[in-house]
Amino acid sequence: MVIAGTIPIHGLGLTKGNVEISFDNIRFYNENIPENTVQIPISMGTATLIASCYKTLQYFNRSKELIAILAGDIGDGDGSAKIYDEISHLNNKFLIVHYIKPKISEISRVDFERNFVVGDAGGMYAGKAAGIGDKFKLFLPDVGELAFLADKDSSHPAYVRGFISEVDDLDVVKLIKMAYETGKMPDNMIVKGETDYIVEKGEIIASVSEPKHAAMECIGGTGDNLTGIISGLIYCGYEISEACTLGCLVNREIANMIKPTPDTKINEIIDAIPDALDKIIE
């Protein structure tokens, strides 16, 4: 499994390798720097996704199969360019493209025939903007990002047409229909939110809305955490739709277990993944 994405650290060069979790950091070896070790806070950029996916894979004794490809990018696109170049050479990988500056010409270099590609955040934006979303296996938008996917003329979430941005959250079903009418969506999608919708070929096949924990909505990184859990479950053999439903249940069980408040840190949530998996999968 490969997770590729940027970290908002100026000067962080291309960093690639196996990862470990150390309290609130991801830690991995980097052959490009003298001290041979890099530590990045879990709360920073793609690191949250890496940590949650690692914890899920660790539950199935497969954490050593996770490779991270990261680079620093504070908006100038330099780090994103290095990542695009790396993933354009991948073959026969389970690849998650996460925070990255959307580049139509660069995302099109990924070999979608030879790799199983999941898009979230910038990876998803790039796929939609390039008109190749149907080549991905799964998108994981929140409701705001879904509005972007539903707007066939928008190339970035910042430019979603007004009439779509005004659609009430309750109109998620309508937005899903509009997104699939473009003909450029993956077969599978999960819309993350107060209610999580699991979508297959444009049809809602399941939803998860209970239990509700409002604090989870205001803690940074909970969406990335869900992406990591779901991706880990798929990699470990679950069907995509089953993994999406289980992932949502695990995420909500974590909230049941730790009783989060707005001050709860994302690493506290990630630490609870194994216990929540135990309870949901048993």
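This is a short tutorial on reading cysteines and a pocket in a predicted model.

Q: How many disulfides does the structure hold?
A: To count as a disulfide, two cysteine sulfurs have to sit within 2.5 Å of each other. Here the count is zero.

Q: Why is there no bond between C236 and C53?
A: Check the gap between the sulfurs. C53 has the closest cysteine sulfur to that of C236, but the two are 8.1 Å apart, so that's too far for a bond.

Q: And what about C244, which cysteine sulfur is closest to its own?
A: That would be the one in C248, at 6.8 Å, which is again too far for a bond.

Q: Are these cysteines buried or exposed: C236, C244 and C53?
A: Look at the relative accessible area, where buried means under 20%. C236 comes in at 18%, so it's buried. C244 is buried too, at 1%, and C53 is buried at 0%.

Q: Where does C53 lie, and what does it touch?
A: You'll find C53 in helix α1, which covers residues 47-59. Leaving out residues up to four places away in sequence, C53 touches M1, I3, G228 and G232.

Q: What shows where empty space is left?
A: You roll a probe the size of a water molecule over the atoms. In this model, the largest pocket has a volume of about 730 Å³. Its lining has 30 residues, with K192, G193, E194, D196 and E217 nearest the centre.

Q: Which element gives the most to that lining?
A: That's α8, with four residues. By type, the lining of the largest pocket has eleven nonpolar, eight polar and eleven charged residues.

Conventions:
Residues are numbered from 1 along each chain as its sequence is written. This is a predicted model: local features need pLDDT of at least 70, side-chain atom pairs count only at pLDDT 80 or more; totals for chains, interfaces and linings use all residues. Side-chain values use heavy atoms; hydrogens and water are left out. Buried means under 20% relative accessible area, exposed over 50%, partly exposed in between (1.4 Å probe, protein chains only). Helices (H or I, at least four residues) and strands (E, at least two) are DSSP runs, numbered from the N terminus. Contact means heavy atoms within 4.5 Å. On a 1 Å grid over the protein atoms alone, a cavity is a set of points where a 1.4 Å probe fits but cannot get out, and a pocket is an open set with protein on both sides within 12 Å along at least five of seven lines; lining residues have an atom within 4 Å of a point. Grid points are joined across faces, edges and corners, and a volume is the space filled by probe spheres set on the points. Ala, Val, Leu, Ile, Met, Phe, Trp, Tyr, Cys and Pro count as nonpolar, Asp, Glu, Lys and Arg as charged, and the others, Gly among them, as polar.
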